[in-house]
Amino acid sequence: MTASHLLVPVPIPDRVAALIGSCIPPHILQAEFDAYCAAREVRRFRGPRLGVEDRADREQALSELARANKVLAAHDPRLAVLPGSPF
C-alpha cells in the first residue's frame, strides 16, 4: 500500500497533457488558468500591513478567483482552487 503523501509527482509529457486538455471544454481550461493566476496574486498580497492599494489588488484577485471557481465548480466541484493551495 502507498500513502498519497508519499507519492512523488511525475511530470506529464506534453503530448499527454495536450490529449487531456483536448477532452476538457475550452472555457473550463481558461477558468482553471485564471484561478491559478488569481490564487498566485492573492498569495502575493498577504500580511497584516498592506497598504490601501495592496488591499484593493488583493480584493480584485479574490474576486477573479471566485469568478473562476464558480465556473470550475459548475463543471466539477473538485476543481475549485483555494487561495492558499499549492499548484
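**Exercise 1.** How do the axes of H2 and H3 cross, and within what distance do they come?

*Solution.* Residues are numbered from 1 along each chain as its sequence is written. This is a predicted model, in which local features need pLDDT of at least 70, side-chain atom pairs count only at pLDDT 80 or more, and totals for chains, interfaces and linings use all residues; side-chain values use heavy atoms, with hydrogens and water left out.

Step 1. Helices are DSSP runs (H or I, at least four residues), numbered from the N terminus. The chain holds three helices and zero strands, in the order α-α-α.

Step 2. The axes of H2 and H3 cross at roughly 150° and come within 8 Å. Axes are lines fitted to C-alpha atoms, for helices over the stretch in contact, and angles run from 0 to 180 degrees between N-to-C directions.

Step 3. H2 is therefore roughly antiparallel to H3, a term for angles over 145 degrees.

**Exercise 2.** Identify the residues of the largest nonpolar core and the helices that supply them.

*Solution.* Step 1. A nonpolar core is a set of buried Ala, Val, Leu, Ile, Met, Phe, Trp, Tyr and Cys residues joined through side-chain atoms within 4.5 Å; buried means under 20% relative accessible area with a 1.4 Å probe, protein chains only.

Step 2. The largest such core has nine residues: Ile28, Ala31, Ala35, Ala38, Ala39, Leu65, Ala68, Leu72 and Val81.

Step 3. Helix H2 (26–44) and helix H3 (52–75) each give two or more residues, and H2 gives the largest share, five.

How values were computed:
Buried < 20%, exposed > 50% of the residue type's maximum accessible area, 1.4 Å probe, protein only. Parallel < 35°, antiparallel > 145°, perpendicular 65-115°, else oblique.
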